[in-house]
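Q: Please examine the structure below. The questions that follow ask on what grounds its features are described as they are.

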Amino acid sequence: MPQPGETISLEQDTPELANTYERAGIVQFHHGKFLIGPLAVKAGEHVLDIGAGTGRLAEFVASLVGSQGRVIGIDPLESRIEIARLRQSKTLTFETGRAEDLSRFRDGQFDAVYLNSVFHWIEEKDRTLREVHRVLKPGGRLGLNIQDPSKPHQSRVLLRTAIAQVGLGDRHRESNPVLGATHEQLKDLFTTAGFVDYRSDLRSLIDVHADADSLLKWSESSAFGNFLDGFSKSEREQIRKAFTGLVETKRAPEGLRLERYLRFAFARKTPSNVVQIATRESLT
Ligand SMILES: C[S@@+](CC[C@H](N)C(=O)[O-])C[C@H]1O[C@@H](n2cnc3c(N)ncnc32)[C@H](O)[C@@H]1O
């Protein structure tokens with residue numbers, strides 16, 4: 001049996017989880033707008049949304065590029081793409097596909113590429129960034145957000161405590177240190193892939209959930225079947241009870257109020273005029 005948090009599977013998603021995500025993923029939509037703002041998407045541009053999920057953010061971006069622009073969303077999960085396709089239009093399309101293989105797209109096809117709450121799920125981060133670099137136009141922009149292992153979400157810390165409380169702490173491998181990335185790790189990845197003007201900042205976000213069950217449903221659907229993976233049904237039930245007790249200490253008049261932290265990172269592909277100058281210099 002795999003240890004909890006050991007592997008990421010794309011095989012465990014279900015139509016039910018996808019439907020739940022379509023409702024609960026409003027959380028990701030809200031912070032996704034913080035990603036799109038600095039990307040400064042303009043009318044007429046071509047944009048790629050990698051890991052588009054059920055497509056809500058891509059639909060928003062399609063409203064920015066207008067009738068002359070184009071947005072393509074890809075995601076490996078068929079059930080999520082099925083929901084996303086309900087949003088499809090002349091300028092907005094969705095396809096199944098993984099971040100690591102963008103071979104269906106031409107070199108320099110996109111003005112901007114983004115990954116909203118996706119990059120920590122991707123195991124081959126270096127390969128993905130090389131592909132993104134290839135499909136961007138010279139000067140094209142990349143934006144992504146990711147958990148930072150040095151600052152786990154409050155709900156994750158409480159979950160870890162709940163798992164320890166029920167005596168399963170030794171079986172729990174915290175996935176964040178493996179899956180998230182710090183400023184320096186991202187800088188290294190971006191630079192190695194050929195990006196310039198890298199910058200990142202850690203943002204603190206407040207989520208309000210009605211109760212522990214809706215918070216757990218959001219986590220489960222966001223993790224497409226990888227949440228508390230490796231624990232048995234009865235172990236999950238014990239964890240759920242302990243977690244409910246802990247998370248209720250965060251109750252405010254508006255609901256359960258929890259802080260979440262995301263690192264937002266941006267960079268550009270070198271503009272063509274800079275390449276020309278470098279080439280000229282290297283000839284002298
Ligand atoms: C939390 S959801 C975010 C969905 C969407 N970006 C949003 O803002 O609502 C994470 C998404 O990452 C996708 N994902 C996981 N591994 C991926 C990969 N290797 N390539 C592309 N997408 C991936 C999942 O299928 C899932 O839809």
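Q: What makes up the shell around the ligand, by class?
A: In this predicted model, the shell has 10 nonpolar, 6 polar and 3 charged residues. Altogether 19 residues surround the ligand, and the closest are Tyr21, Gly51, Asp75, Ala99 and Asn116.

Q: Why is the pair formed by an oxygen atom of the ligand and the side chain of aspartate 75 called a polar contact?
A: The ligand oxygen is 2.6 Å from an N or O atom in the side chain of aspartate 75. A polar contact requires a pair of N or O atoms within 3.5 Å, so this pair qualifies.

Q: Which backbone and which other side chain have a polar atom paired with the ligand?
A: A polar backbone atom of alanine 99 is 2.9 Å from a nitrogen atom of the ligand. In the side chain of asparagine 116, an N or O atom is 2.8 Å from a ligand oxygen.

Q: How much of the ligand does the protein bury?
A: The ligand taken alone exposes 590 Å², and the protein buries 97% of that area.

Q: How do helix 9 and helix 10 cross?
A: The axes of helix 9 (residues 212-222) and helix 10 (residues 233-247) come within 9 Å and cross at roughly 115°. Helix 9 passes helix 10 in a right-handed crossing.

Q: Which residues make the contact between these helices?
A: Helix 9 contributes Ala212, Asp213, Leu215 and Leu216, while helix 10 contributes Arg240, Phe243, Thr244 and Val247.

Q: What makes 2 of these residues count as charged?
A: The contact divides into 5 nonpolar, 1 polar and 2 charged residues. Asp and Arg belong to the charged class, so Asp213 and Arg240 are counted there.

Methods: Residues numbered from 1 in each chain as written. Predicted model: local features only at pLDDT ≥ 70, side-chain atom pairs only at ≥ 80, totals over all residues. Heavy atoms only, no water. Near = heavy atom within 4 Å. Polar contact = N/O pair within 3.5 Å; in protein donor to acceptor, adjacent residues only side chain to side chain. Areas by Shrake-Rupley, 256 points an atom, 1.4 Å probe, with all protein chains shown as cover. Axes fitted to C-alpha atoms, helices over the stretch in contact; angles between N-to-C directions. Helix = DSSP H or I, 4+ residues; strand = E, 2+ residues; numbered from the N terminus. Left-handed = near helix turned anticlockwise from the far one by under 90°. Contact = heavy atoms within 4.5 Å.
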